[in-house]
Amino acid sequence: MASINPYTGTLGEKGASHLLRRVTFGPTLEEIKQFAVMPPATAMGLIFKNEVEPSVPLFPPTGQPVSEKPLEDVNQFELIDTVRGWWLERMRTGGVSIREKLVFFLHTHFTTKVETVASGPAIYHQNALMRKYTYATYDNFKELSKKICLDNAMLIFLDSRLNTDNRPNENFGREFLELYTIGKGKQVGPDDYTTFTEQDVKAAAKILSGYTNDREYTEIDPDTGIAKGLLIGDGLIADRHNTETKTFSERFGNRSIKPTTVNGAGKTTKEEALEELDQMVDLIFDQEETARFICRKLYRFFVYYEINDEIERDIIGPMAATFTSSGYKLETVLRQLLSSQHFYDMDDATTSNDINGALIKSPLEMTVGLFRFFKMRFPNIGVDAQEVFDIYKGRSDVDGKPDLEGVLRRLVDQGIDFYNPFEVAGYSAYHQAPGYNRNWISANYLAFRYEFIQKFFPNRGEEKASLGIGFDVLSFIRDNVPNADDADVLVSYFVDNLLPEKISDERFDFFKYADFIVAGDEMQWAVSWRQYMAKPTDVDIISEVLPRANGLIREILQSPEFQLF
Amino acid sequence: MKRRNFLKQLPLAAAAPMLLNGLPLRSMAGNDPLKRLAAASDNDRVLVFIQLHGGNDGLNTLIPVEQYTQYANLRPNILIPAINSSSNRKAIAVDNTLPLEQQLGFHPDMSGLKTLYDRGELAVVQGVGYKNINQSHFRSRDIWNSGGNFDSITQSGWAGRYLYHEFPDYPDAYPSADMPDPLGLEIGRAVSLLHHTGQGIPAALAVSSPRGFNNLVDTVGLDNLPEDLVGTNYADELEWIKGISKKGDQYAARLAEVFNSVGDTQVSYPSVYPFPAPKGAKENSLGQQLQTIARLIEGGVKTKIFLAQIGGFDTHAAQVESSDPTTGLHAALLYHVSSSIKSFQDDLIKRGVADRVMTMTFSEFGRRAESNFSYGTDHGTVAPVFVVGKAVRPGIFGLSPDLSNLNNKNLTNALDSDSFEMTNDDMAPNYDYRQIYTALLEDWMLADEASLAATQFQDFRSSKLDLVGTITGSKEAFFAKHFRLDECYPNPVREKTTISYYIDSSEHVKLTLMDISGKQSTTLFNKVQAYGEHKIEVDLSSYAAGTYVYTLEAGAKKATKKMLIVR
């Protein structure tokens, strides 16, 4: 049986790497070793450490903060690329903190698309809002759910800004119920989805009417200091807010929400409109199913995609209870989950239900994980931000600078159009049954992953990547792998630290002999490597050891095992 | 060390993705372990599906004629001018021979489908849905793809079940000599590949050229899992990745070969919507997918089911340009669908494979009859389906949705199906979507009873729509009703003769006379005429005696008859 009870032993390397792979975009070996000696409780302290909130990135060409309304001639999509690059860079440099993974979780949940929003500041503010609510002082998922209703990017994305008292637009109201809060249950009758009904969609749409986005980004939420949208109307009156009585279905106890005062023109005040929104979110979170729905999403994101009756009873149930009693604190419920016996496969002797290595990596985890494990060198964002952003967004035809392919484009190839998923429910991996994370793998996506890997570990005769990322595989081995002249030591180093589970002897031999050395050449490798260590700049020696090192690592990375985490 | 040898021979081989026409592909067939004994399908017919993602607005696709007033009242801010309006752009009258209650207009940007209708290659099925339509995109899409009811729980797709039955022992027994290709192929942009339901191996196409294939999977030692990992979730995921890689390796070279064995299309596929629309909607993302399918079919691919996709139909806001509701987002999407299908059909004809292909569109649901204030429509119930092919039984199936009874449950306005319970508010369905799928499987793909049972469509056999005719036989009655050229009178002709004919819609009409040798040709009449019966008297006294043929062309329709001039 699955157990949410805490695991109190030390993590060991396996537990540490499991934890860090799930809560970051891929650890370094030093981080794994640091965590290996800790029990989960200690590890949680480091993961949830509240570092200083990052400052707003500047758009290099103008020096203007991306949070502000840009100067006339600035292309919004260039600003958006700056925000996307800035966030990816934070993922890459986030250390052992869960912060960026948690913000990414919130993005996969409260999804928007940059293509529809088409505003750099709005996307930045949305990211800042989600980020804010991952810090201990703000952490409250229910409160965030209220805030998201007034988020400028969301107001644009799901047409909430166009939803008025007259002939409401139901887009946001529906998805708020179906995707963001209570979730949809089994359909049991006409327009009845167990957890809510079409009547509730209509009621929610009316409560959410009358808002618009702020194109100046000067309307600031006093709670967060972050720009937000607003109710339409001069002064105190909410001009376009629906003042009818909104009656919810029996799924919500037939509760009604309405303004207490309506003026002669049939309008109510902005304060009362906001009060209706608060009441609705309270009503939704009063249903036990809401906490369960969010906890299932957390489980699928951090642990495993299949939730059977046992997991629902032993894990989701206790999580939902914790989540609710803590005041919907992500940190509280995640500390419980990530410290549990279940998370470390310590709850029973059965291995068939183990979760270690049982999720397929997203392209982000694959790509950023590669940058992190191999300590690839990026320019310092404090010194040359433009160069860092160019690595992510790509560059062509800039005088005196080499063209860059752009990591964002290579991520699209691999199946993630970052911050721009195909549909309103977000990236399929986080919602599409039955396969969930399996959606990251089609033959095409896999081939593009392997192609990306090959940019850093090329075949003989192939060019290295034009990505602008500094990496020298030989110095990595020299600086990180003691006794690399022993071929088996070298193979073990990468197999042990890159793959989530141990492999068979046959598989080990495959990696060793595929494109590294041929059987019986161990001595030859030892000699070559020692020569390299003695003369690390000798071109002839490099041409002997480099293709072999590339071949070894490439084979390990271009394997099904490496795609799992 | 097979892989190593391979690399030595081809040092430049990379795991580059295979792109046909610049589009990635993936296979739809799954790896359900069901093993069946039925014989593999032995005909060369194929089905092409075009999925309209987001929920297509059926009422602005097919504009009602008899209920136009109700339609205009429900959606004053997005309405398309009626077929008889004086507007420059208005609904295209489709077929005046139909009873008034069945008449409809196509959206003005759907002239491509109108041409196919006139050629007898289009069936329009009005009001398609299912009992208790679910208004969640994701659930409703899963229902259409799974072939189930509103409350079914199923982990497989109907096409997957059908293909497993037809091709026993998939995937292990394939590719085979008889079936060298993926059973199904899904084609689309990289981003759209993420959202297909149903399970199984989306087999896998992963190399840029034949020389680069065989590079996705190194299974050496992979099956030798350490003992305590056998049967774990980790092992399941490994197996999944391995399965996809393997199918990719197996099929990539073959598909590239098939694709490259024939040339590029000789037909033009319109790529840009010519009227105002949001930037993202102006480009046609569907045409290239269909071009690829046409080319693969001519190249001899044995794949049975294709799926192409176009997104953007979730038109909650600004589905029309407020300045001209005949243009904008939804108009552009309909233009792409209509013009691409027309070009696809022409492409198939030019490639000589049109007799083998039937194409169908579908969307997860339609949109609300009443528009919202933001020039859009919220999630609704029924939507129309288009079925295109040489062998389709042409015409309109069912009536326009009843707009006077939007909240009246348990009603049906089907012409030729038993009424079935309708419980959503808003428009009621005429047909269950499986009445169409069953017709296509049984009457087009020639699936037998066992196959339909395996697909779980056996209950729809008795109510399937009569959608499939024969290549020529099903059209005569259709054409007779829509277009007729009579024998001229008198004939033989001494001086004057009268040529009478019937056209079913307002068309540009051209009447030409040619001598039997084909050397001399004269245009007798050449202008737009209203629909109905027409007579033209012509004076042929200046013509030499002999045998002549006269030809009437009206839009896509054409007929020729003989006359004798005597002196």
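This passage looks at chain B, a pocket, a cavity and the aromatic pairs of a predicted model.

A convenient place to begin is the make-up of chain B. Its secondary structure comprises 12 helices and 20 strands. Of the 567 residues in chain B, 63% are buried. Contacts across the sequence are well represented too: when residues at least 6 apart in sequence are considered, 74% of the contacts in chain B join residues at least 24 apart. The exposed area of chain B comes to about 20500 Å², with carbon and sulfur atoms supplying 49% of that area.

Attention turns next to open space in the model. The second largest pocket holds about 1800 Å³, and its lining counts 47 residues. Those nearest the pocket centre come from two chains, namely A:Lys113, A:Glu115 and A:Thr116 together with B:Gly280 and B:Gly312. Helices from both chains also contribute to this lining. In chain A, α6 (114-117) and α9 (152-157) each give at least two residues; in chain B, α4 (137-146), α7 (279-282) and α9 (329-350) each do likewise. Sorted by class, the pocket lining contains 20 nonpolar, 15 polar and 12 charged residues.

Enclosed space was examined as well, and the structure contains 9 cavities of 30 Å³ or more. The second largest cavity has a volume of about 90 Å³. Its lining is drawn from chain B and includes B:Gly58, B:Leu59 and B:Leu62, along with B:Gln126, B:Gly127 and B:Met427. Also in the lining are B:Val382, B:Ala383 and B:Pro384, as well as B:Ser400 and B:Pro401. Two strands of chain B, β7 (122-129) and β11 (383-389), give two or more residues each to the lining of this cavity. The class division here is 7 nonpolar and 4 polar residues, with no charged ones.

Finally, the aromatic side chains deserve a look. Over all chains, a search of the whole structure returns 68 aromatic pairs. One of the pairs joins A:Phe301 and A:Phe302, and it is edge-to-face because the ring planes meet at 70°, with the centres 4.8 Å apart. Both A:Phe301 and A:Phe302 are buried. An edge-to-face arrangement is also found for A:Phe343 and A:Tyr344, where the centres are 5.0 Å apart and the planes stand at 90°. A:Phe343 and A:Tyr344 are likewise buried. The pair of A:Phe301 and A:Phe302 belongs to an aromatic cluster in chain A. Other members of that cluster include A:Phe25, A:Trp87, A:Phe104 and A:Phe105, and among them too are A:Phe418, A:Tyr419, A:Tyr427, A:Tyr430 and A:Trp440.

Technical notes: Residues numbered from 1 in each chain as written. Chains lettered and ligands numbered in written order. Predicted model: local features only at pLDDT ≥ 70, side-chain atom pairs only at ≥ 80, totals over all residues. Heavy atoms only, no water. 1 Å grid on protein atoms, 1.4 Å probe; cavity = no way out; pocket = protein on both sides within 12 Å on 5 of 7 lines; lining within 4 Å. Points joined across faces, edges and corners; volume = space filled by probe spheres on them. Helix = DSSP H or I, 4+ residues; strand = E, 2+ residues; numbered from the N terminus. Nonpolar A, V, L, I, M, F, W, Y, C, P; charged D, E, K, R; others polar. Buried < 20%, exposed > 50% of the residue type's maximum accessible area, 1.4 Å probe, protein only. Contact = heavy atoms within 4.5 Å. Areas by Shrake-Rupley, 256 points an atom, 1.4 Å probe, with all protein chains shown as cover. Phe/Tyr/Trp six-rings, centres within 6.5 Å; stacked < 30°, edge-to-face > 60°.
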